[in-house]
Amino acid sequence: MPELDSPQRQTPDSLMLPGFWYRALPADRVQRNQLHQAALLEIPLVVGRDRQGQAFALRDACPHRGMPLHDGHFDGARVECPYHGWTFDARSGQCQLIPSLTADQDLRVDRIYAGSFPGEEQDGFVWVYIPEPGPQGAGFTKPAEASHPAPQVKKFSGKCKLAYLTADMPVSVDHGIIGLMDPAHGPFVHQAWWWRSRHSIHEKHKNFEPIPNGFRMSAHTPSSNSAPYKLLRLYAAADSITTTIDFVLPNLRSETIRAGKFWFSSLTTVTPITRNHCRIDVVAAWNIFRWVPFGPELLKFVFAKFVEQDRRTMEMQAEGLKHNPHLMLIDDADRPAKWYFQLKAAHLEAKRTGGEMKHPMAGPVTLKWRS
Ligand code: FES
Ligand SMILES: [Fe+2]
């Protein structure tokens with residue numbers, strides 16, 4: 001009997017996970033000496049790049065009266081609030097000046113902080129680390145430190161090309177993620193004459209295995225009706241092509257396709273912006289198509305088309321979700337989605353108890369579906 005399960009069993013508080021790095025903005029949009037608005041996990045941020053070219057992120061609310069700092073003045077090192085001119089160090093968020101203080105008023109200005117977040121640039125994106133919420137007492141919290149570096153796209157040779165795509169989705173991060181790992185929508189959403197139609201649906205068997213904080217679709221020859229496979233067939237023998245797809249909490253999907261010395265790799269993230277809004281960013285790196293003039297454009301065209309089809313689908317889905325309908329997850333096509341919810345629950349449980357995270361998968365499994 002296939003199991004039925006409801007994705008709505010999630011409590012709303014488990015929707016967005018702190019304690020991880022998230023992509024905030026494409027790095028090429030963040031110019032030196034400029035401030036940009038961004039948001040992650042419902043936290044308003046001001047993201048900028050200082051005089052040295054280093055990216056930073058501050059909470060976009062002045063600790064004095066909550067004024068958005070992105071409207072303030074930035075000289076390349078310090079951000080000045082547009083309301084009363086309090087001035088903060090861009091990287092640490094430490095207050096450096098309160099213009100209204102008189103010489104004999106000894107308020108310790110340097111104890112005040114506009115919340116700051118660790119920032120890192122990786123593969124063309126500014127990543128921001130969102131720490132576990134600290135004790136209340138905002139305004140005096142020193143910058144948090146990340147326990148690990150920001151994730152990277154896997155690369156298998158020095159010389160490679162890099163490109164990114166980004167799309168806003170009007171749904172929660174959970175719908176964004178389960179939409180991404182869902183094999184059954186392909187023939188319906190991603191139809192194209194040069195790729196496949198619903199008539200190409202056939203039964204598939206895929207092996208999955210547990211990996212730390214996630215699961216892997218084990219290395220296999222890509223399905224004959226997938227786009228990367230069709231492109232790679234131009235370069236390598238069909239049976240030398242293998243692909244591996246990993247999902248790792250909180251939101252990382254990485255896909256690696258290898259064909260002899262050629263490789264194509266992507267890291268896709270679904271970033272929670274607010275409860276009902278997420279963003280999908282795909283960063284791809286490859287060493288194929290280097291000699292073909294139209295190669296990268298073709299690839300971007302294919303991926304842009306895919307992402308746009310998913311975006312339009314989620315826009316329609318958001319209409320349906322407005323009325324909070326009952327939902328279900330079925331075996332086996334929705335099993336990866338179930339693992340995702342179970343991984344999240346296990347992660348939260350481990351944090352609550354301080355113990356080891358119990359992986360929801362006992363070992364390798366084969367899933368079957370038609371797509
Ligand atoms: S609100 Fe920012 S200085 Fe007063
Ligand atoms: Fe899709």
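Okay, let's start in the strands: S13, residues 161-169, pairs with S19 in the antiparallel sense, over 9 bridges. If you want one pair to click on, take Leu165, whose bridge partner in S19 is Val282. Before I go on, please keep in mind that this is a predicted model.

So what sits on the other side of the story for S19? Strand S18, residues 262-274, is joined to S19 by 10 bridges, and these two run antiparallel as well. Here the pair to look at is Ser266, which stands opposite Ala284 in S19. S18 and S19 form a hairpin, with 2 residues between them.

How many of the 10 residues of S19 are buried? It's 9, so this strand, residues 277-286, is largely enclosed by the rest of the structure. And a general reminder for anyone who hasn't stared at strands lately: in a regular strand, the side chains alternate between the two faces of the sheet.

Hold on to Ser266 for a second, because it comes up again from the direction of Ser254. Ser254 is found in strand S17, residues 252-259. Is Ser254 buried or exposed? Buried, at 15% relative accessibility. Leaving out residues up to four places away in sequence, Ser254 touches Lys154, Thr244, Ile245, Asp246, Ser266 and Leu267.

Let me zoom out for a moment. The chain has 5 helices and 21 strands. There are 371 residues, and 49% of them count as buried. If you take the contacts in the chain with a separation of 6 or more, 61% come from residues 24 or more positions apart. As for the outside, the accessible surface of the chain comes to about 18,600 Å², and 53% of that belongs to carbon and sulfur atoms.

Now the bit I guess you've been waiting for, the metal. Which residues coordinate the iron ion, ligand 2? The donors are His185 and His190, each through NE2, plus Asp310, which is listed with two OD entries, and the distances run from 2.1 to 2.5 Å. Along the chain, those donors follow the spacing H-x4-H-x119-D. Both His185 and His190 are buried.

What about the geometry? The site has 4 donor atoms with angles of 55 to 148 degrees among them, and it comes out as irregular. To count as tetrahedral, four donors would need all their angles between 85 and 135 degrees. One caution here: water is not among the atoms, so a site may look incomplete.

Next, another set of strands, with S5 in the middle of my notes. S5 covers residues 55-59, and 4 of its 5 residues are buried, so S5 is largely enclosed by the rest of the structure. Strand S4, residues 43-49, pairs with S5 in the antiparallel sense over 5 bridges. Val46 has Leu58 in S5 as its bridge partner. S4 and S5 make a hairpin with 5 residues between them, and Gly53 in the turn has a positive phi of about 90 degrees.

S5 is also joined to strand S10, residues 116-117, by 2 bridges, again running antiparallel. There, Ala57 stands opposite Phe117 in S10.

Last topic, charges. In general, side chains of opposite charge can pair when their charged atoms come close. How many salt bridges does the count come to? 18. I'll walk you through a few.

Glu132 forms a salt bridge with Lys351, with the closest N and O atoms 3.1 Å apart. Glu132 lies in the loop between strand S12 (125-130) and S13, while Lys351 is in helix H5, residues 335-353, so the pair ties together parts that are 219 residues apart in sequence. Both ends are partly exposed: Glu132 at 37% relative accessibility, Lys351 at 34%.

Then there's Arg335 with Asp331, where the closest N and O atoms are 2.9 Å apart. Asp331 counts as buried, at 17% relative accessibility. Salt bridges that share partners join Asp331, Asp332, Arg335 and Lys338 into one network.

And finally Arg108 with Asp110, a salt bridge with its closest N and O atoms 3.1 Å apart. Arg108 is partly exposed, with a relative accessible area of 49%, and Asp110 is partly exposed too, at 36%.

That's what I had, so over to you.

Terms used: Residues are numbered from 1 along each chain as its sequence is written. Chains are lettered from A and ligands numbered from 1 in the order in which they are written. This is a predicted model: local features need pLDDT of at least 70, side-chain atom pairs count only at pLDDT 80 or more; totals for chains, interfaces and linings use all residues. Side-chain values use heavy atoms; hydrogens and water are left out. Donors are N, O and S atoms within 2.8 Å of the metal (3.2 Å for Na, K and Ca); water is not among the atoms, so sites may look incomplete. Four donors count as tetrahedral if all angles lie between 85 and 135 degrees; four count as square planar and six as octahedral if opposite donors are over 155 degrees apart and all others between 65 and 115; anything else is irregular. Buried means under 20% relative accessible area, exposed over 50%, partly exposed in between (1.4 Å probe, protein chains only). Helices (H or I, at least four residues) and strands (E, at least two) are DSSP runs, numbered from the N terminus. Contact means heavy atoms within 4.5 Å. Accessible areas come from the Shrake-Rupley method with a 1.4 Å probe; for residues, only the protein chains shown count as cover. Two strands pair if DSSP finds at least two bridges between them. A salt bridge is a side-chain nitrogen of Lys or Arg within 4 Å of a carboxyl oxygen of Asp or Glu.
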